[in-house]
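Visitor: I have a model open and would like to learn how to read it feature by feature. Could you walk me through it?

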Amino acid sequence: MTPLEPNTVIKYPALVHEMHDALRDRLFPNLPEKPGRKDLLSRLLGTGISEAMYLLDQLHASLDQEGDVCELGVAQGATSALLANELRNTSKRLWLYDTFTGLPKPSPKDQLKDDIFGLGSIERYEGQMQCEAEEVQTRLAAIGIAPDRFVLQPGLVEATLTAGLGPATVCFAYIDFDFYAPIRHTLEYLHTHLAPGGRIVVDDYDFFSTGAKTAVDEFLQAHSGKYQMTLPRPFAGHFCMIERAKRSFWRRS
Ligand SMILES: C[S@@+](CC[C@H](N)C(=O)[O-])C[C@H]1O[C@@H](n2cnc3c(N)ncnc32)[C@H](O)[C@@H]1O
């Protein structure tokens with residue numbers, strides 16, 4: 001029995017491999033091949049295959065820029081392993097943030113839009129999705145990622161992602177916190193630490209809690225002209241992609 005077996009789901013691998021090749025052929029022609037990727041795609045839990053392909057495309061589009069990579073809201077670390085695998089031949093570190101006590105208390109800006117676990121109210125989601133930090137470490141060790149290639153930051157992101165504690169420069173961030181307050185906090189941190197040309201993917205945009213969309217929309221309004229937001233094809237899920245301008249998107253050259 002491998003250490004990962006109890007919590008590992010392996011989605012029908014042949015189908016996942018086919019989807020990877022089809023999406024790469026049709027939507028992501030610039031995405032390089034990577035050994036180990038298809039196996040890690042079939043082990044994803046919280047992130048769908050199509051969304052993961054968008055994530056990888058955004059990640060690779062940012063790798064020429066200065067800075068590290070972050071996943072904010074990691075849960076069991078299945079997506080963290082996918083990202084870490086892509087960074088093997090780079091000098092970039094992967095910064096991983098989670099309370100490891102599950103979702104915090106929702107704010108008044110978090111209204112229940114899609115009752116994903118059928119709990120009946122947004123307040124009942126407090127403490128849901130709790131995972132152990134050790135599970136993340138086990139997943140990364142299982143694919144041979146050395147401990148010095150990643151930084152695991154347990155606790156509320158509002159306390160752990162601050163100037164001096166967080167990465168100095170970020171080229172890519174995947175924000176998957178679900179609720180308003182941590183997403184807004186993280187976006188404001190990234191505003192002062194994301195490299196020009198850097199990319200952010202925010203999960204659950206207009207899905208589950210209204211807070212994710214509100215946080216993104218407020219952020220884009222507060223920093224108008226500095227970022228460009230795009231949405232994926234509808235089949236890929238509910239998330240948005242944000243690119244930081246190398247200079248203002250709206251300034252005439
Ligand atoms: C949807 S899960 C993340 C799933 C993961 N990205 C994946 O792909 O499998 C959301 C995670 O965000 C974490 N989280 C939510 N709010 C947080 C906060 N303020 N600080 C730190 N972690 C938080 C929760 O503990 C939970 O594990």
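Guide: Gladly. Let us begin with burial: a residue is buried if 20 or more other C-beta atoms lie within 10 Å of its own, exposed if 12 or fewer, and partly exposed in between. Keep in mind that this is a predicted model.

Visitor: How many residues of β5 are buried?

Guide: In β5, 7 of the 10 residues are buried, so the strand is largely enclosed by the rest of the structure.

Visitor: And which strand pairs with β5 over 5 bridges?

Guide: That is β4, and the two run in the parallel sense. For a landmark, find Tyr174, whose bridge partner in β5 is Val201. As a general idea to carry along, side chains in a regular strand alternate between the two faces of the sheet.

Visitor: What is the order of the strands in the sheet?

Guide: The sheet is open, with 7 strands in the order β3-β2-β1-β4-β5-β7-β6 and mixed pairing. At the edges stand β3 (150-154) and β6 (227-230); each has a single partner strand, so one side of each is left without a neighbour in the sheet. On average, neighbouring strands are turned by 15° against each other, direction ignored. Further along that order, β1 and β2 run parallel and are joined by 4 bridges. There, Cys70 stands opposite Trp95 in β2.

Visitor: Now the helices. What should I have in mind when I look at one?

Guide: An α-helix has 3.6 residues a turn, so residues three or four places apart point the same way. Try α7 (residues 180-193): its 14 residues reach 20 Å from the first C-alpha to the last, close to the 20 Å expected at 1.5 Å a residue.

Visitor: Which residues of α7 are buried, and what covers them?

Guide: The buried ones are Tyr180, Pro182, Ile183, Arg184, Thr186, Leu187, Tyr189 and Leu190. Their cover includes β1 (68-72), α6, β4 (170-175), β5 (194-203) and α8 (211-222).

Visitor: Does α8 deserve a look of its own, then? What does its buried part pack against?

Guide: The buried residues of α8 pack against α7, β5 and β7 (239-244). They are Gly211, Ala212, Lys213, Ala215, Val216 and Phe219. The helix has 12 residues and spans 16 Å between its end C-alpha atoms, close to the 16 Å expected.

Visitor: Which loop residues have a positive phi without being glycine?

Guide: Asp178 is one, with phi near 75°, and Phe208 is another, with phi near 65°. Asp178 lies in the loop between β4 and α7, while Phe208 is in the loop between β5 and α8.

Visitor: Why do Asp178 and Phe208 count as buried?

Guide: Here the neighbour count decides. Asp178 is buried because it has 24 C-beta neighbours inside 10 Å, and Phe208 because 22 other C-beta atoms lie within 10 Å. By contrast, Arg124 counts as partly exposed because it has 14 such neighbours. Arg124 is in the loop between β2 and α5 (133-142).

Visitor: Last, the ligand. Which residues come nearest to it?

Guide: Of the 24 residues around the ligand, Gly46, Gly73, Thr79, Asp176 and Pro182 come nearest. The elements giving two or more residues to this shell are α4 (78-86), β2 (94-98) and α6 (157-160). By class, the shell has 14 nonpolar, 6 polar and 4 charged residues. You have already met Pro182, among the buried residues of α7.

Terms used. Residues numbered from 1 in each chain as written. Predicted model: local features only at pLDDT ≥ 70, side-chain atom pairs only at ≥ 80, totals over all residues. Near = placed C-beta within 6 Å. Nonpolar A, V, L, I, M, F, W, Y, C, P; charged D, E, K, R; others polar. Expected span 1.5 Å × (residues − 1). Contact = placed C-beta atoms within 7 Å. Pairing = 2+ DSSP bridges. Axes fitted to C-alpha atoms, helices over the stretch in contact; angles between N-to-C directions.
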